[in-house]
Amino acid sequence: MKKYKLLIHERVFDQISDIQEYVASVGTYIAAVNYSNRLFDEIESITYLADAISYSQWQVAKRYHPKAKRLITHNKKWNIIFHTNGDYVIVDCIIPSSLIKK
């Protein structure tokens, strides 16, 4: 199994920050930090899982890259959109599952 090097687009950090702020506003700061840490763990898992995930047929994913793939998070609330290039897995964005439409 190949392990890719990880590159994360700057917008992903902004998206996770927004998610963390929301979780903190409806819960606690600790809950928000734990939630964002789980998201980063799931992003890290893509370095091993990338080859096992097929190309997405969803147009919203293809907007970011023609050969985009998507990983649905453990709680099924988020889709991590990414693609591979050589030895790298590049995370393009995180979008709510409710926005996924063909």
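Here are some notes on this predicted model, going from the overall fold to the sheet, the salt bridges and a surface patch.

1. Overall fold. The protein chain contains three helices and four strands. Following the sequence, they come in the pattern β-α-α-α-β-β-β. The radius of gyration is 13 Å, close to the 13 Å that the globule rule gives for 102 residues, so the chain is as compact as a globular protein of that length. If you want a feel for the dimensions, the C-alpha trace spans about 40 × 30 × 20 Å along its principal axes.

2. Inside and outside. Of the 102 residues, 36% count as buried. The chain's accessible surface comes to about 6,200 Å², and carbon and sulfur atoms account for 55% of that. As for how the chain meets itself, take the contacts between residues at least 6 apart in sequence: 52% of these join residues at least 24 apart.

3. Strand β2. This strand covers residues 69-72, and its side chains alternate. In a regular strand, side chains do alternate between the two faces of the sheet. Here Lys69 and Leu71 point to one face and are buried, while Arg70 and Ile72 point to the other and are not. Do have a look at Lys69 on screen, since a lysine on the buried face may catch your eye.

4. β2 against β3. Strand β3 runs over residues 78-85 and pairs with β2 in the antiparallel sense, over four bridges. Two of the partners are easy to find: lysine 69 has phenylalanine 82 as its bridge partner in β3, and arginine 70 has isoleucine 81. The hairpin formed by β2 and β3 has five residues between the strands, and lysine 76 there takes a positive phi near 65 degrees.

5. β3 against β4. On this pairing the count is eight bridges, again in the antiparallel sense. Asparagine 79 stands opposite isoleucine 95 in β4. The β3-β4 hairpin has two residues between its strands, and glycine 86 in the turn has a positive phi of about 65 degrees. As for β3 itself, six of its eight residues are buried, so this strand is largely enclosed by the rest of the structure.

6. Salt bridges. How many turn up in a search of the whole structure? There are two. In one, lysine 2 pairs with aspartate 87, with the closest N and O atoms 3.3 Å apart. Lysine 2 sits in the segment before β1 (5-8) and aspartate 87 in the loop between β3 and β4 (88-96), so the pair ties together parts that are 85 residues apart in sequence. Lysine 2 is partly exposed at 34% relative accessible area, and aspartate 87 is partly exposed too, at 42%.

7. The other pair. Glutamate 44 and lysine 3 meet through their side chains in a salt bridge (4.0 Å, N to O). Glutamate 44 belongs to helix α2 and lysine 3 to the segment before β1, so this contact ties together parts that are 41 residues apart in sequence. Glutamate 44 counts as partly exposed at 36% relative accessibility; lysine 3 is partly exposed as well, at 45%.

8. A nonpolar patch. Met1, Tyr48 and Leu49 form a nonpolar patch on the surface, with about 370 Å² of accessible area together. Leucine 49 is in helix α2 (residues 29-49), and this leucine is partly exposed, with a relative accessible area of 34%.

Terms used. Residues are numbered from 1 along each chain as its sequence is written. This is a predicted model: local features need pLDDT of at least 70, side-chain atom pairs count only at pLDDT 80 or more; totals for chains, interfaces and linings use all residues. Side-chain values use heavy atoms; hydrogens and water are left out. Patches are made of residues with over 30% relative accessible area and no salt bridge: like charges are joined within 9 Å, nonpolar side chains (Val, Leu, Ile, Met, Phe, Trp, Tyr) within 5 Å. Accessible areas come from the Shrake-Rupley method with a 1.4 Å probe; for residues, only the protein chains shown count as cover. Buried means under 20% relative accessible area, exposed over 50%, partly exposed in between (1.4 Å probe, protein chains only). The radius of gyration is taken over C-alpha atoms; the globule rule is 2.2 Å times the number of residues to the power 0.38. Contact means heavy atoms within 4.5 Å. Two strands pair if DSSP finds at least two bridges between them.
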